[in-house]
Amino acid sequence: MDGIASLAEVHPLSPLTGDEITATVSLVRAGIERGAEVRFEMVELAEPEKSAVRAFAPGVTVERRAWANVYFTDRPGVTRCLVSLTAGELVSTTHLRDAIPMIAPVEFLEVEDAVKADPRFQAACKRRGIEDMSLVCCDPWSAGNFGVPEERSRRISH
């Protein structure tokens, strides 16, 4: 693949390079539903079988694969994608309907913006002498999921 180091030079357990992560994202975006907003929860090396690792010798090309977990902002679940970096293709996708994705950094910023825009929060700040919301920092934390019915199919932040 263009921009990726020769696969004959890469140890099977070497972490993904920046170019490999970029290629994984591109291959997943090209192979999944178009038009929907998708976010990447995780991209990581899909470790090869132990036999491939044991058989590795410098100069031998090893299959490089990556996992990517993605989710659509308009529906529940996580889609697990397997990419072959060696072949340059999306190998498989599995939709995990009941999986709840981790909260992404951009979503923490969205939570902060929503809190700061809430008139009740602004009134509480004003009672404390704070009127310039640009000086306020909200620090949202993922609440996790503990089996409470209100948590089902929701991603909650404190």
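A network of salt bridges links E37, R39, E107 and E110 in this predicted model. Side chains of opposite charge can pair when their charged atoms come close. One such pair within the network is E110 and R39, whose side chains meet with N and O 2.9 Å apart. E110 belongs to helix 3 and R39 to strand 1, so this salt bridge ties together parts 71 residues apart in sequence. The two partners differ in exposure. R39 is buried, at a relative accessible area of 13%. E110 is partly exposed, at 40%.

The count of salt bridges comes to eight. Among them is the pair of E20 and R64, with the closest N and O atoms 2.7 Å apart. E20 sits in helix 1, while R64 sits in the loop between helix 2 (50-55) and strand 2, so the pair joins parts that are 44 residues apart in sequence. Both E20 and R64 are buried. Another salt bridge brings together the side chains of D118 and R120, at 2.6 Å from N to O. R120 counts as exposed, because its relative accessibility is 67% and exposed means over 50%.

Helix 1 covers residues 18-31. Its 14 residues should span 20 Å at 1.5 Å a residue. The end C-alpha atoms are 20 Å apart, which agrees. The buried residues of helix 1 are E20, A23, T24, V25, L27 and V28. E20 is thus on this list and also takes part in the salt bridge with R64. The buried residues of helix 1 pack against four strands: strand 1 (38-46), strand 2 (65-72), strand 3 (78-84) and strand 4 (89-96).

Helix 3 has 13 residues. From first C-alpha to last, helix 3 reaches 19 Å, close to the 18 Å expected at 1.5 Å a residue. E107, E112 and K116 are buried in this helix. E107 is also a member of the salt-bridge network with E37, R39 and E110. The cover over the buried residues of helix 3 includes strand 1, strand 2 and helix 4. Strand 1 also holds R39, the salt-bridge partner of E110 in helix 3.

Two packed helices are described by the angle between their axes and the distance between the axes. For helix 3 (residues 105-117) and helix 4 (residues 119-127), the axes come within 5 Å and cross at roughly 70 degrees. Helix 3 is therefore roughly perpendicular to helix 4. On the helix 3 side, the contact is made by V115, K116 and A117. On the helix 4 side, P119, F121 and Q122 take part. By character, the residues of this contact divide into four nonpolar, one polar and one charged. K116 appears in this contact and is also one of the buried residues of helix 3.

The segment after helix 4 contains E151. E151 counts as buried, because its relative accessibility is 9% and buried means under 20%. Beyond its neighbours within four places in sequence, E151 is in contact with G144, N145, F146 and I156. E151 and I103 are 48 residues apart in sequence, and their C-alpha atoms are 14 Å apart in space.

Note on methods: Residues are numbered from 1 along each chain as its sequence is written. This is a predicted model: local features need pLDDT of at least 70, side-chain atom pairs count only at pLDDT 80 or more; totals for chains, interfaces and linings use all residues. Side-chain values use heavy atoms; hydrogens and water are left out. Axes are lines fitted to C-alpha atoms, for helices over the stretch in contact, and angles run from 0 to 180 degrees between N-to-C directions. Helices (H or I, at least four residues) and strands (E, at least two) are DSSP runs, numbered from the N terminus. Angles under 35 degrees count as roughly parallel, over 145 as roughly antiparallel, 65 to 115 as roughly perpendicular and the rest as oblique. Contact means heavy atoms within 4.5 Å. Ala, Val, Leu, Ile, Met, Phe, Trp, Tyr, Cys and Pro count as nonpolar, Asp, Glu, Lys and Arg as charged, and the others, Gly among them, as polar. The expected span of a helix is 1.5 Å times one less than its number of residues. Buried means under 20% relative accessible area, exposed over 50%, partly exposed in between (1.4 Å probe, protein chains only). A salt bridge is a side-chain nitrogen of Lys or Arg within 4 Å of a carboxyl oxygen of Asp or Glu.
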